Amino acid sequence: MSLAPVPSPGKQITVPGPVFTISPQAPVDSEVVLTFSVSGEKSPLSTFKSTFYVKAPFQTSGHVLLAFTDAFSPATPVLQSMFRECNITFDPWDRMLDGDLKPDVLKRYSDGWIYLAVQDSSDQQQLKPDEIEALAGYLKTGGRLVLSGQDLAFSLRDTPFLKDLCKIGFVQDDTNVHVITGTSGSFKGKTYQIFGGDGANNQKWPDEVDPLTGAQTIMKFDSAARDMANDHDMNGPDLKPSSPTRGIKSSGAAVIQVNDGSCFASIQITLD
């Protein structure tokens with residue numbers, strides 16, 4: 001392939017790339033490595049590699065979908081283990097390998113439920129507009145959804161999806177409190193440490209949220225958490241960079257459930 005004209009310094013151009021087809025006989029779960037070399041009259045040889053994974057077609061085997069945005073997060077095996085220990089049959093959806101969440105996949109679980117774990121608010125991890133629209137459509141047709149992740153409320157804070165369907169109001173991006181206590185249901189009176197201990201070790205900057213009309217608080221951040229678990233013991237951060245907040249600013253809600261049971265927004269923890 002030819003780069004003509006060559007982009008000026010600091011600029012970029014897009015050119016058609018090579019087309020390739022994976023053989024039907026390629027083993028499932030194998031890797032295909034593509035190597036590209038780029039050279040020019042006045043530039044040194046540069047080599048780039050890109051890896052593709054051969055995956056079997058996605059098949060629905062149960063009524064529960066466990067979708068996660070980062071298979072390499074420490075939370076992912078914790079969540080999978082939690083489901084297995086509870087004898088819950090689930091279909092895993094790894095967005096890094098299986099692609100974005102799509103309406104035709106979500107509707108397969110209209111009579112079940114979906115657990116979606118989003119690791120952080122980075123461009124690679126946060127939900128895309130089409131995925132948010134697909135989730136909204138899933139809820140509007142009667143689906144049930146569990147949203148889990150430390151920055152979900154932050155990344156969705158300006159969307160009608162969070163306010164109108166999940167009934168959640170965003171308060172702050174970093175409570176710097178890592179202990180939560182159940183306020184109702186089967187969690188009432190139980191306390192969990194969400195960074196280390198009972199947690200999946202991915203809760204560095206947990207969001208504080210408020211329940212809006214039509215929702216209720218299931219768990220709250222413990223206002224005395226600084227006495228129960230300090231940052232040194234948890235090997236966690238003092239504060240999120242550029243975030244001057246500390247402690248509870250509003251209702252202190254960490255986990256919220258819509259009253260009709262359609263949406264359950266949570267911090268990631270392992271439950272007994």
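## Two salt bridges and the fold around them

The side chains of R95 and E131 form a salt bridge, with 2.6 Å from N to O. The term here means a side-chain nitrogen of Lys or Arg within 4 Å of a carboxyl oxygen of Asp or Glu. R95 sits in helix 2 and E131 in helix 4 (residues 129-140), so this pair ties together parts that are 36 residues apart in sequence. Helices and strands are DSSP runs (H or I over at least four residues for helices, E over at least two for strands), numbered from the N terminus.

Before going further, some housekeeping: this is a predicted model, where local features need pLDDT of at least 70 and side-chain atom pairs count only at pLDDT 80 or more, while totals for chains, interfaces and linings use all residues. Numbering starts from 1 along each chain as its sequence is written, and side-chain values use heavy atoms, with hydrogens and water left out.

How many salt bridges does the structure hold? There are 2, and the other one joins the side chains of D100 and K128 at 3.2 Å, N to O. D100 is in the loop between helix 2 and helix 3 (103-106), and K128 is in the loop between strand 5 (113-117) and helix 4, so the pair ties together parts that are 28 residues apart in sequence.

Are the residues of these pairs buried or exposed? The table has their values; buried means under 20% relative accessible area, exposed over 50%, and partly exposed in between, using a 1.4 Å probe and protein chains only.

| Residue | Relative accessible area | Class |
|---|---|---|
| R95 | 9% | buried |
| E131 | 1% | buried |
| D100 | 28% | partly exposed |
| K128 | 37% | partly exposed |

Helix 2 (residues 95-98) also holds M96, which is partly exposed at 46%. Together with Y53, F72 and L97, M96 makes a nonpolar surface patch of about 450 Å². Patches take residues with over 30% relative accessible area and no salt bridge, joining like charges within 9 Å and nonpolar side chains (Val, Leu, Ile, Met, Phe, Trp, Tyr) within 5 Å.

On to the strands. Strand 3 (residues 64-68) and strand 4 (residues 91-94) run parallel, joined by 4 bridges; two strands pair if DSSP finds at least two bridges between them. One of the partnerships is L66 with P92 in strand 4. Add helix 1 (residues 75-85) and you get a right-handed β-α-β unit: with the strands pointing away from the viewer, the path from the first strand over the helix to the second runs clockwise.

N87, in the loop between helix 1 and strand 4, has a positive phi near 60° without being a glycine. N176 has a positive phi of about 60° too, and is not a glycine either. Which of the classes, buried or exposed, fits N87 and N176? N87 is exposed at 70%, whereas N176 is buried at 1%. N176 belongs to the loop between strand 7 (168-172) and strand 8 (179-182).

N259 lies in the loop between strand 12 (253-258) and strand 13 (263-266). Leaving aside residues up to four places away in sequence, N259 touches G214, A215 and Q216, where contact means heavy atoms within 4.5 Å. The C-alpha atoms of N259 and Q216 are 6.6 Å apart, with the two positions 43 residues apart along the chain.

Overall, the protein has 8 helices and 13 strands, and 42% of its 272 residues are buried.

How values were computed. Accessible areas come from the Shrake-Rupley method with a 1.4 Å probe; for residues, only the protein chains shown count as cover.
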